[in-house]
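Visitor: I am new to this structure and should be grateful for a close look at a single part of it. Please take the sheet as the subject, and describe what lies around it.

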Amino acid sequence: MIFDIKNEDQRYKARLVIGGHRVNSSGYNIYSSQVDNLSVMLLFLIAQHLGLDIMTCDVSNAFVTAPNSEKVWAHAGDEFGDRKGCKVEIQRALYGLAGSARAFADFLADTLIRLDFKPSRADPDLWIKRSETGYDMIATHVDDLIIVSKTPQEYILLIEQEYALRNVEPDPSYYLGSRLKRLDNGKIQMNME
């Protein structure tokens, strides 16, 4: 069990982490969705040009929402009390496993596909959907989502049916190391840190 304090909002956090350093990770497809910075900048330009709304959010406890795609066995640690030392099968994509980021990315991709989004050919972590109001886009960066649409709140509601979301922000002031500010003339000012 790992205990930590998140710097950005000073909240306490506990995570069950498996000792992935003890697992043979050869043969794992290690991947984590990381939308390209250029794609994010283009999203903001498109939003500005077409007058689209922007919303961001984080998937809470992202990895453990996804099933573990590999057979992994471990010994229960101290936090399991009487069952310490028992052999357990890891059924969720716990932090510390080589394949967890990939398992979550695949799980989220399945959700976006069910919502009729398709990955961009230029950036597989930029998802696009043609809708009645034009184009809707969702960029994924591990567990951080940015939604650009005429109605991004509709997608937030649909995604919330499958995932617990936090930090849901309409017209965000910060995203992936960039400060954002919508000016009075509708333009978006972006300062990368």
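Guide: In this predicted model, six strands form an open sheet in the order 6-7-8-9-3-10, and their pairing is antiparallel. Strand 6 (118–119) and strand 10 (165–170) occupy the edges; each has a single partner strand, so one side of each is left without a neighbour in the sheet.

Further in, strand 3 and strand 9 run antiparallel and are joined by six bridges. One residue pair can be followed here: Ile54 has Val148, in strand 9, as its bridge partner.

A helix accompanies the sheet. Helix 4 lies across strand 3, strand 7 (126–131), strand 8 (134–141), strand 9 and strand 10, and runs at about 140 degrees to strand 9.

The nonpolar cores come next. The largest has 25 residues, and Val59, Phe104, Phe117, Ile138, Ile159, Tyr163 and Leu165 are those with the most contacts inside it. Two or more residues each come from strand 3 (53–59), helix 2 (62–65), helix 3 (100–114), strand 9 (144–149) and helix 4 (152–160). Helix 3 gives the most, namely six residues. In soluble globular proteins, nonpolar side chains tend to be buried together.

Phe104 offers a detailed view of these surroundings. Beyond its neighbours within four places in sequence, Phe104 is in contact with Val59, Ala62, Phe63, Thr65, Ala66, Val142, Asp143 and Tyr163. Apart from the largest core lies another, of 15 residues, which includes Leu43, Ala47, Ile54 and Leu180. Ile54, already met as the bridge partner of Val148, is thus also among the residues of that other core.

Notes. Residues numbered from 1 in each chain as written. Predicted model: local features only at pLDDT ≥ 70, side-chain atom pairs only at ≥ 80, totals over all residues. Heavy atoms only, no water. Core = buried A, V, L, I, M, F, W, Y, C linked by side-chain atoms within 4.5 Å. Buried < 20%, exposed > 50% of the residue type's maximum accessible area, 1.4 Å probe, protein only. Helix = DSSP H or I, 4+ residues; strand = E, 2+ residues; numbered from the N terminus. Contact = heavy atoms within 4.5 Å. Pairing = 2+ DSSP bridges. Axes fitted to C-alpha atoms, helices over the stretch in contact; angles between N-to-C directions.
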